[in-house]
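Reader: I am in my first year of study and would like a close look at one part of this model. Could you please take me through its salt bridges, and set them in the context of the chain as a whole?

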Amino acid sequence: MHETVVCVVGNVATAPVYRELAAGPSLRFRLAATARYWDREKSAWTDGHTNFFTVWANRQLAANAMASVEVGQPLVVQGRLKVRTDGRDGQQQWASADIDATAIGHDLSRGTALFRRAGKPEPAAGAARPEPDWATPSPPDTGEDTAVQQASEPATVT
């Protein structure tokens with residue numbers, strides 16, 4: 001309900017790691033987003049600070065992203081931001097920014113992509129339902145058909 005939803009544009013920094021878990025497929029990779037700004041003194045674009053995010057995808061998004069995402073590709077990622085801080089005794093504290101992705105796509109301002117629909121997963125074998133019988137039942141044989149057939153045959157004249 002009170003979530004921080006973000007949209008981050010950046011490049012894939014690490015190879016995606018795909019795992020099949022009991023809850024379904026899961027995928028994670030790091031995304032690097034570098035701010036760029038116009039430097040008036042140099043009259044040129046300059047790279048600013050780079051932020052790194054760990055992107056997490058689940059279920060069908062994980063399977064589709066694994067088939068589509070490679071290191072170095074420009075992506076647009078939308079999802080819920082989670083910032084964690086941790087520290088161990090005698091060590092420096094660290095912070096981690098994770099994105100629980102709801103959508104992942106290629107940044108088309110920097111290249112082209114070819115979209116292919118993912119195949120629908122096959123239903124479980126136990127969930128199969130029998131096909132309905134769509135055949136039209138034949139009418140009962142009352143003997144009237146032969147009388148109609150004989151009446152419709154042309155008579156032979158000799």
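**The salt bridges and their setting**

Author: The model is predicted, and its confidence varies along the protein chain: the mean pLDDT is highest in strand β1 (residues 5–12), at 94, and lowest in helix α2 (residues 144–152), at 54. Across the protein chain the average pLDDT is 83, and 75% of the residues score at least 70. Where pLDDT is low, the predicted coordinates should not be read in detail.

The protein chain contains six strands and two helices, and from the N terminus these follow the order β-β-β-β-α-β-β-α. Of its 158 residues, 20% count as buried.

Against this background, the structure holds five salt bridges. Side chains of opposite charge can pair when their charged atoms come close.

One of the salt bridges joins the side chains of E3 and R80, with a distance of 3.7 Å from N to O. Because E3 belongs to the segment before β1 and R80 to strand β5 (residues 74–86), this pair ties together parts that are 77 residues apart in sequence. E3 is partly exposed, at 46% relative accessibility, and R80 is also partly exposed, at 26%.

Another salt bridge links the side chains of D47 and R36, at 2.6 Å from N to O. D47 lies in strand β4 (residues 44–58) and R36 in strand β3 (residues 24–39), so here the parts tied together are eleven residues apart in sequence. D47 has a relative accessible area of 47% and is therefore partly exposed.

A further salt bridge connects D98 with R84, whose closest N and O atoms are 3.3 Å apart. Since D98 sits in strand β6 (residues 94–106) and R84 in strand β5, the pair ties together parts that are 14 residues apart in sequence. What is the state of D98, buried or exposed? At 9% relative accessibility, D98 counts as buried, because buried means under 20% relative accessible area. Its partner R84 is partly exposed, at 42%.

Salt bridges that share partners also join E3, R80 and D100 into one network.

Strands β3 and β4 deserve one more remark, which concerns aromatic rings. The structure holds one aromatic pair, formed by W38 and W45 in an edge-to-face arrangement, with 5.6 Å from centre to centre and 75 degrees between the planes. W38 is partly exposed, with a relative accessible area of 45%, whereas W45 counts as exposed, at 53% relative accessibility.

Notes
Residues numbered from 1 in each chain as written. Predicted model: local features only at pLDDT ≥ 70, side-chain atom pairs only at ≥ 80, totals over all residues. Heavy atoms only, no water. Phe/Tyr/Trp six-rings, centres within 6.5 Å; stacked < 30°, edge-to-face > 60°. Buried < 20%, exposed > 50% of the residue type's maximum accessible area, 1.4 Å probe, protein only. pLDDT = per-residue confidence, 0-100. Helix = DSSP H or I, 4+ residues; strand = E, 2+ residues; numbered from the N terminus. Salt bridge = Lys/Arg side-chain N within 4 Å of Asp/Glu carboxyl O.
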